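User: Please take a close look at how the helices in this model pack against one another, and then set that packing in the context of the whole chain. I am a first-year student, so explain each term when you first use it.

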Amino acid sequence: MEGEETQISPLPYKFRELKVYSSTEWLADNKKKYRQVFDRHETTFVYAELSFYNKLFDERAWDVTITLKCYSLGRTKKEVCNLELKKKISKYDHTVYVREGWGNKKQGSFWARGTYYWEAWMDDKKIATKYFYIEEVEEMEEEEIAPYLELKSIRLYEGKYDDVSPEDRKYFKAFAVGDTRYIYAEIKCENLNIYANWQCELFVKFFNQSRELKGQVIRLNQVKESDDMIDVTAGWGANIKGSWRKGQYTVEVVFMDRVLGVMPFEVGDDFVEGVGHVQLPNRMKPLYLENDEDAALSLDDIMARLNALIGLHPIKKQVSEHAQYLKFIQLRRDKGYKEESELSIHAVFTGNPGTGKTTVAKMMGKLYRKMGLLSRGHVHEVDRVNLVGEYIGQTAPKVKEAIEKARGGILFIDEAYSLARTNDDTKDFGREVIEILVKEMSDGEGDLAVIVAGYPKEMNHFLESNPGLRSRFKLYYDFADYKPNELWEIVNYAAEEMELEFVPEAQDLLNKIIIRAYRNRDRTFGNARYIYDLVEKAKINLGLRIMADENPEGRPASDLKLITPADVIQLDTTIVKDLPDIPIDDELLHIALEELDELVGMKSVKREVKDLISLVKYYQSIGVNPLNKLFLHTLFIGNPGTGKTTVARILAKIFRALGILERGHIVETDRQGLVAGFVGQTAIKTSEKIDQAIGGVLFIDEAYALTGAAGLYADYGHEAIQTILKRMEDDRGTFFVFAAGYPDNMEKFLKSNPGLRSRFDKILKFDDYSPLDLFEIGKQMLATENLKLSKAASDYLQQIIFQMHRARDKFFGNARSVRQLVNAIIKNQHLRMSDATDSSAREMHNVLVEDIRKVEMQDENKIFDKNKIGFR
């Protein structure tokens, strides 16, 4: 009718979604495996799923014509298929799904690489378009899974809805429930499909502890053939805090229906910084994918870095052979052979400090990670202090904490022998550490390599300290000292690293210092550490020299890196630091020599002391510091009571008189004064005692006691020896060490550390006194108390002392035994005089035979006879 408006019938439907899938597998809630990127070699049919809402639900049925068209996009648009369906929509269907596909049931036979899209039409009205992509990888072997990409790292961070810029991201492995908004996953993958541009579709799924899907984000990115890495971020949550609940969660990354990696994380009370582990497909153990350059290293790269290290040729060969054997075992497993036993990767490193043990351990961590034996490959370095507690119950938690920190990598225990001090010391907590380690290496959680390091002899004792310990280690590496030419290579490497340059004259001087140190080395020689220390000190000297200039800012830039002989000369430890110029005190020297001459016997000792005085005076007269020629650290070797302590005090006074000691005092100590009862305290206690002796002499009586039970290095006394040796070198010329002890024991003391014999360039041997010397000493002791022997008493005392000397054994006390006798005689003389009613002044100073005889009667067995073991 004219003028009447045309009535447009409302559509009986509302469009919902157009999706694409390939798999016909049914999922929960009438869903399919929807995606947009498919591999050509795996694809048969590609389906379109059209869904819409029925507006006539529960009212009436209706008819519709649905057309699904597929097109390929190349140089021109080309129709792939046109599927028309006439469908009656039931009034009972609230949501309607229409699914149709096109292709061939044989994989890879129909679809070609390219870009496609589906169009959905309803009653000749186009309502939706959905693109999808068919991709393929060139140069792929048959039956191989297409290598499009490799997951390199997943890291989690918190932020608001519009993400966080890379420089502001802080990574967590646990999140605070009350302060978390969105949890983002930062995903980095390596692009392996480098021959063409392609579409990468990643599904990032967040699951709660019950494996319920909390959220999913799909990222579709075009990857260019020039792209080395694929970076994707995806987050889930809400822009207000508190949308997460406490519990354990996982984030999963999926590509082409394959899980690339799963990372667990926790939502709890507090944020915990760090990067968690990732569970990769086809791996029994989780892996820590830390976004660093090491992750991209190949096995050949790691071995090349190992071979690039200076020296260590036997170690390189051994590690290379070990790596080849591990690859052989993996090859056998791949070929179907059973290799049920776990590969042993625990190792023992023996060698002196600075020989590259820690560096090689780090290389082996990377090697084991690359071969799938460890998940992270990092090195957690500890020593006794980090493992042993001070009190009962503290050790086990410390050890377990260290193990968990090392889990996924290497637990590197330096100076491991210190955990086994003595075989029979059941109270030492170090033994508890060893027991926990043995259990962990036997039946622990795994994903851990234990490397123990230390000196060869002590490490052998360590391995014998527990019956099950040695069998847990199958790999043994012995690190030799660097040779002089290798040490010089390290100098060049360190100088380049510090941007320094040695002028030729400085090179020659430094080379002489290094060769001298190498020739005089002992087991404390620092090797590479020693070299780095030299170069660092040369740099410091350079800096001080430049800054002493009137206008350092005006110096050319090249001057700031040139090391000259003036910077190196101060590194020569054989040149003693400038000491106060103290003139010889002739009066004090005369007094000290008189005291020496008054001592009974000791002809050889007196001669050696006087020769030493003559040498010192000669060097001083020609302008040479005697400390550049002599160490003056002295060993006093002799049996008890032979005058060692007395001579030590006189010698300290002589050194003061000669001006080579500032104070000339003597600090007397023994093992008890140097060794502490707890780990880490001995070095402190020893250093404090040395500080007291600066300017004088540290006199260590019975020094052999520092070597501990049976000379074991693991004893705390070894720590004291190491501290003393270092201070003797570092503070050369500022104090001297006098070490005293019995002949047999002092030989063991010198052998206990190679550095000891070279530090003590003077040895004074104290012979046992002759009977006449002992008699003369006895008379001197009485004279000191203003007492005089009668003729009969003198003869009788001489007879007694000769008898004592004939009956002596290795415990004989020499002058000490005479003093014990004389003290008893003096006591008897005083008792006799106290009973006398009338005594002249002369009688009060006389010693009679009866005073001596009473000693023999009162304490005969104690003084004159030693108790014997056995039958009487």
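Analyst: Two helices count as roughly parallel when the angle between them is under 35 degrees, as roughly antiparallel when it is over 145, as roughly perpendicular from 65 to 115, and as oblique for the rest. The model is predicted, so local features need pLDDT of at least 70 and side-chain atom pairs count only at pLDDT 80 or more, while totals for chains, interfaces and linings use all residues. Residues are numbered from 1 along each chain as its sequence is written, and side-chain values use heavy atoms, with hydrogens and water left out.

Let us begin with helix α1 (residues 299-307) and helix α2 (residues 313-334), whose axes cross at roughly 165° and come within 10 Å. Helices (H or I, at least four residues) and strands (E, at least two) are DSSP runs numbered from the N terminus, and an axis is a line fitted to C-alpha atoms, for helices over the stretch in contact, with angles from 0 to 180 degrees between N-to-C directions. The helices α1 and α2 are therefore roughly antiparallel to each other. The crossing of α1 with α2 is right-handed (the near helix is turned clockwise from the far one by less than a right angle, whereas anticlockwise would be left-handed). On the α1 side the contact (heavy atoms within 4.5 Å) is made by Leu299, Met303, Leu306 and Asn307, and on the α2 side by Lys316, Val319, Ser320, Ala323 and Lys327. Sorted by class, the residues in this contact of α1 with α2 are five nonpolar, two polar and two charged, where Ala, Val, Leu, Ile, Met, Phe, Trp, Tyr, Cys and Pro count as nonpolar, Asp, Glu, Lys and Arg as charged, and the others, Gly among them, as polar.

Next comes the pair formed by helix α5 (residues 395-406) and helix α6 (residues 430-443), which pack at an angle of about 40° with their axes 9 Å apart. The helices α5 and α6 are therefore oblique to each other, and their crossing is right-handed. Thr395, Ala396, Val399 and Ile403 of α5 meet Glu432, Val433, Ile436, Leu437 and Glu440 of α6. The contact of α5 with α6 has six nonpolar residues, one polar and two charged.

A further pair is helix α9 (residues 504-519) with helix α10 (residues 528-547), where the axes lie 12 Å apart and the packing angle is about 150°. That angle makes α9 roughly antiparallel to α10, and the crossing of α9 and α10 is right-handed. Here Leu510, Ile513, Ile514 and Ala517 of α9 make contact with Tyr530, Ile531 and Leu534 of α10, and by class this contact has seven nonpolar, no polar and no charged residues.

Farther along the chain, helix α21 (residues 791-806) contains Ser794. Ser794 is buried, because its relative accessible area is 17%, where buried means under 20%, exposed over 50% and partly exposed in between, computed with a 1.4 Å probe and protein chains only. If neighbours within four places in sequence are left aside, Ser794 is in contact with Phe775 and Leu789. The C-alpha atoms of Ser794 and Phe775 are 9.1 Å apart in space, with the two positions 19 residues apart in sequence numbering.

Ahead of helix α14 there is a loop that links β25 (634-638) to α14 (644-658), and Thr642 is found in this loop. Thr642 counts as buried, because its relative accessibility is 1%. Apart from neighbours within four places in sequence, Thr642 touches Met602, Phe766, Asp767, Asp768, Tyr769 and Asn814. The C-alpha atoms of Thr642 and Asp767 are separated by 6.8 Å, although these residues are 125 residues apart along the chain.

To set these parts in the whole, the protein has 24 helices and 31 strands. Of its 872 residues, 47% are buried. Among the contacts in the protein with a separation of 6 or more, 72% are between residues 24 or more positions apart. The accessible surface comes to about 46100 Å², and 48% of it belongs to carbon and sulfur atoms.

Terms used
Accessible areas come from the Shrake-Rupley method with a 1.4 Å probe; for residues, only the protein chains shown count as cover.
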